[in-house]
Amino acid sequence: MTSDLSSLLNSSRALNSHLSRPDLPSVNLSLDQIEAQSRRLVSRQPGASSDADRANYLLAQAHVDAPALANSIAHLNTSTTFSPLQPLQDTDVAGYLRHAHEQNLISTIEEGRRETQENFYRLLEERSHKDWEAKKRRVFEELGGRATSDSKALAEMKKSFHGRAALTASTGPSLTLQMQSKMMAYDRAISELNAARLRGTSCPIIHLLMQATASLNSEARISHCIECQPSMQQMLQNFHVLAKITGEPPALPPVEHAGAHILNAPLFERKYARVYLGDSDSREAAALRAQIAKGSREALEDQFWDIIERSIQSRPMEARLGGDPSVANKIRAFLLMRYYKNGQWEDRIELVAGQPLWAKLYYLVRTGHAQEALDEALKSQQAIEHREDSFVSHFRSWVESPERRLPKPHRDHLQTVYNAHMLHSASADPFKLALYKLMGKLEPSRRTVPQVTMTTEDWLWFQLAMVDEEEEGGLRGLTEVLLSYGERHFDGAKKGVWPGVLLMCGQFERAVAALWEHPETEIEAVHLAIALAYHGLLRVPSRAETSDISPLTLSPLSPPALSLPMLIWRYVRQFVKMDAKEALQYVYCVCLSADQGDGVGKENVETAWELVRRIIVLAHSGPAWEELVGGFRPDGTRFSGVIEQGATLLHLQTTAQYNEQILIRAARDSEENDRIPEAIKLYNLAGDYGTVISCLAQALGNTLAQPAGETEKGKVIERTAVEILRHYERTNRAVGKDRDAAVRLLRIREAINAKSSGRFDITLEIMESTDLIPLDGDVAKITRKAEEFKDLHDALQRNLQVYVPLTMEALAAVHQSIKNSATAEATRQMTLTSLRKKSRSLMVFSGILKYRMSPDVYSYLARLDVEIAL
């Protein structure tokens, strides 16, 4: 049967063997494929075609058995994917270990890939969220921090996109009572700082800020503000760290008189700027980094000692301090509280001469009492030498070394002892191990010591104590490690630690930026930045490098930089309208970086000038505004304002500089922001009398068309004009066309006011006195006046349609009044004839200047003229 089928198949193939069609592909299908295709063809509806069928057909043309492959994939068993290609014998230990090693490598690579991918997406999400929050915050700051649809908010929004947007941006969100209290506590310190700078003396700004923070911390405790206390306490520690780094004393030395005070006081302002902003690889820069590490370490030592003393006071029965208040006895009491439980010491605490000597020595060093630790070691030298030969001599050399650094032979010896007796010992005292690591700077890459570096502060202190500028990259190497850990690593157990970590490793700009990112510490960020800038420990970016979103500028080619002007302006804009003088005190601090090179210092000074001008424009007009910019007394004498008194802090050495950079440019900005009265006063203070009169004339011309019940702004302009013109006439200033125009415009306003009160005769009298309209009937004079019209001030030309109808209305009203009066007929007729003559003169004048008027106005004049002629 099988042979018959085979012969039948061969015969069928031979039927068309004589037809050669090389362009058609041969189709070789199995029986399963033929059956599947047959069933598919039968089930297919007429005219319908599926993508899968087309795909199978095309694959079949390429000799690909798609159904067979699909069946293989469906029955694929992946459990043996990572099994060895060749089966391992039970006795093939080497093969098994090799296979296990390969599987571990594959698993490690896969876990690393998965972890990297997860971290990437997590960091991407965090960065996107942070950028979005920053942009959202920026938008809210620009729009006043509140979404509202009222006309005032819309007006502010329109102004912010018109002209100089920065000058018209609204203030920040409404301040809470807590924020205002915090601001007031800190702004006193800034005022004292600037007062000292004006005197040419140094100021302990960090300690002033510490006092403010301490007072706020006390208020938080009294008010039981649980949320405020941790941040205040952490900020107090941050300022303490900075005070230790800079070496700033809490108070200046007392002296006999001010001159000696200036001579004897230590120089604080910009003390470290030259080194900090200079070559980071120089010897001075390395010394500064060593000073930063030492100051940070000492601050942590003071913090821990305070914790020990408070712990002893809170638990006196456990401490059993007795009558000996010495440092060593307090450490003994603290060790008793912490490591002595149920009548015995904890495991691995080694007793030497009946006491936990290693722990005692370590904690004395940890709290900054290295000399006391040496004294304790010398007291127990015999017992120590019995266990650890030559430890005391090495310890003495280490304590007495200014850099806490032993010579290499001593360190090699300590390394040998450490490797032999402690490194792999399960029972070695951890505090002895920590002491050996500190003295010999052993294994700096192994950054933890079990049972010793338990808290973040303990760990940080240990890292700083191990830092050596000549090895392992020094403080910069430690900084790279800390930055690789990131904020999440340190802020897990305690919030707000990360800025302090950055501060302690000399990343001052990053520390300020980290505080600024959290709303509850924004105020502290600004004041920390000012303190850093005062001591010369803040790098400011150039204007081109400054971002509009974040004050921090990071570049792979240069160290981090922080935009102090941006930080200060975003802070003061919240209260600049309420208290411009305090805002000005902060702007003075922008010029602290004036000595920075590459043109950045000059840019900062120019930015400070711009911020001062913003304050002038945004501040409310009134007595407080005049106190800010200065003014004139009733007798005409000029008095200086707060800005001029602090001009040296803005690096303005001459009156001409002050007038040009502050007053005149602020006046121009005020004009652009439609604050004409303030602009006029500023021009006047700057002595630019011609511009004052020109500005007055324009302003009076703009307000002239307003009705009698004019706005308060127009009344202010008129009052200002009256005062200034009276003063200028007395001193004979700004004589000319502009002043004459301003006088005439004021007279026209008087005429309008007289008309509003029904005194039309006074209105007519005033208008005749302006000599703008010829009313005597002389055609030659009328023609000449019309020709001279083009030479009048622009404000007078623009208001032709105001004062011509005003005059005609006064004529018509007086005419009607005389016509209805009971005066003598002859007198009345003579007066009416005079009024008709004036009316005709006005119409002739208007007819010549008809092209300057609208048809409606001219028709109105003609109608009144007809009424007068009847």
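This text walks through a buried helix, the core around it, and one helix pair. The model is predicted.

Start at helix α29, residues 580–588. Eight of its nine residues are buried. They are A580, E582, A583, L584, Q585, Y586, V587 and Y588. What do the buried residues of α29 pack against? Six helices share that role: α8 (177–199), α27 (522–535), α28 (564–572), α30 (600–618), α31 (623–629) and α32 (642–645).

Now widen the view to the core. In soluble globular proteins, nonpolar side chains tend to be buried together. Here the largest nonpolar core has 224 residues. Y586, buried in α29, is among the residues with the most contacts inside that core. The others with the most contacts there are I205, Y362, F391, F395, I643 and Y803.

Take I643 next. Leaving aside neighbours within four places in sequence, I643 is in contact with L584 and Y588, two of the buried residues of α29. Its list of contacts also holds V612, I616, L628, V629, L650, Y658 and I662.

Turn to a helix pair. Two packed helices are described by the angle between their axes and the distance between the axes. Helix α13 (residues 283–314) packs on helix α15 (residues 327–339) at about 70 degrees, with the axes 10 Å apart. The angle therefore makes α13 roughly perpendicular to α15. The crossing is left-handed.

Which residues make the contact? From α13 come F304, W305, I308, E309, S311 and I312. From α15 come V327, K330, I331, A333, F334 and M337. By type, the contact residues are nine nonpolar, one polar and two charged.

Technical notes:
Residues numbered from 1 in each chain as written. Predicted model: local features only at pLDDT ≥ 70, side-chain atom pairs only at ≥ 80, totals over all residues. Heavy atoms only, no water. Buried < 20%, exposed > 50% of the residue type's maximum accessible area, 1.4 Å probe, protein only. Helix = DSSP H or I, 4+ residues; strand = E, 2+ residues; numbered from the N terminus. Contact = heavy atoms within 4.5 Å. Core = buried A, V, L, I, M, F, W, Y, C linked by side-chain atoms within 4.5 Å. Axes fitted to C-alpha atoms, helices over the stretch in contact; angles between N-to-C directions. Parallel < 35°, antiparallel > 145°, perpendicular 65-115°, else oblique. Left-handed = near helix turned anticlockwise from the far one by under 90°. Nonpolar A, V, L, I, M, F, W, Y, C, P; charged D, E, K, R; others polar.
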